[in-house]
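Okay, thanks for making room for me today. I'd like to walk you through one chain, so let's put it up on the screen.

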Amino acid sequence: MDVLTQLFNDRLQEIDAYLDLLDALERQVQVGPPKIGGAAITAQQQKILYSSVYLQLYNLVEATATWCVDAVATAAAEGERWRPGDLSAGLRREWVRTTARTHTDLNYDNRLGSASALCERLIHALPVDAWQVEKGGGGNWDDNEIEIITKRIGCKLRISPTVYSRIKRKIRDDKSPLALVKYLRNRLAHGSLSFSECGDGVTAVELREIKELTEMYLREVVGAFRSYIDEYHFLIPEKRPPEGASE
């Protein structure tokens, strides 16, 4: 199993384990107040437990996006095999952005220093070494942000029609699943919504449905990035190793 899929499965397993707990809690409520160590779990506590799922799901979304994008930069720098001119146009642009620090506010001297460093690397045809794509999107990751970053680096995000339709469908408050997860996570993080308010009226069944939609979409995102890397689409066509060639 590849590293991206393993990381994704491990993080997903944590959410599944938590949802199993909520399922057991709801079953217990049907026969009497659920208890832990002899103490009854209150309705408020149950709501707080439910609302925490949105934090876990958002964590999965942002972590998956980060792992995928970082894996591309790692592949481009692996073994210092590739030079900037070998990279695809989109990824080369991101390499220039990082190396020249074009996304950072700099004074005149620092801007000149960054431009000079970039120039030196190009003059001497130095290979791409360890770097990171400037991801942005902190606190705002959802399917739209994932689509934006994949377009930036030139990764074709092929999502099956069924999954695409379901991940774009509005499910609550005029928001699609990942947009809802992001919205509630940010309101919780910024204190504009309490945990008990967030979990009010929510059921474990509803939370599991959102989790399953999120999982289906992110699995296809991971698959798209895996193909992008394994098939060397981060390189210009003439630099890609022949299919079946040893790495």
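Before anything else, when I say helix or strand I'm talking about DSSP runs, with helices being H or I of at least four residues and strands being E of at least two, numbered from the N terminus. This is a predicted model, so local features need pLDDT of at least 70 and side-chain atom pairs count only at pLDDT 80 or more, while totals for chains, interfaces and linings use all residues. Residues are numbered from 1 along each chain as its sequence is written, and side-chain values use heavy atoms, with hydrogens and water left out.

Right, the overall picture. We've got nine helices and two strands, and from the N terminus the order goes α-β-β-α-α-α-α-α-α-α-α. The chain has 247 residues, and 42% of them count as buried; buried is under 20% relative accessible area, exposed is over 50%, and partly exposed is in between, using a 1.4 Å probe and protein chains only. As for contacts, meaning heavy atoms within 4.5 Å, take those with a separation of 6 or more: 76% of them join residues 24 or more positions apart.

Now the core. By nonpolar core I mean a set of buried Ala, Val, Leu, Ile, Met, Phe, Trp, Tyr and Cys residues joined through side-chain atoms within 4.5 Å. The largest one has 62 residues, and those with the most contacts inside it are Leu-91, Trp-131, Tyr-217, Phe-225 and Phe-234. Which element gives the most to this core? That's α2, with 18 residues. Let's zoom in on Trp-131: beyond four places in sequence, its partners include Leu-91, Trp-95 and Ala-73.

Next, the segment after α9, where we find Leu-235. Leu-235 is buried because its relative accessibility is 0%. Its C-alpha is 8.7 Å from that of Gly-85, although the two are 150 residues apart along the chain. Skipping neighbours within four places, Leu-235 contacts Trp-82, Asp-86, Leu-87, Ser-88, Arg-240 and Pro-241. Tyr-232 is in the segment after α9 as well. Its phi is near 60°, which is positive in a residue other than glycine, and Tyr-232 is buried at 11% relative accessible area.

There's another positive phi at Glu-80, near 50°. That residue is in the loop between α2 and α3, and at 46% relative accessible area Glu-80 is partly exposed.

Pockets, then. We lay a 1 Å grid over the protein atoms alone; a pocket is an open set of points where a 1.4 Å probe fits, with protein on both sides within 12 Å along at least five of seven lines, and lining residues have an atom within 4 Å of a point. The largest pocket is lined by 16 residues, with Ala-75, Glu-78, Arg-226, Ile-229 and Asp-230 nearest its centre. α1, α2 and α9 each supply at least two lining residues, and α2 gives the most, with four.

Last bit: cysteines. How many disulfides do we get? Zero, taking a disulfide as a pair of cysteine sulfur atoms within 2.5 Å. For Cys-155, the nearest cysteine sulfur is that of Cys-68, 8.2 Å away. Cys-155 is buried at 5% relative accessibility, and Cys-198 is buried too, at 4%.

That's me done, thanks.
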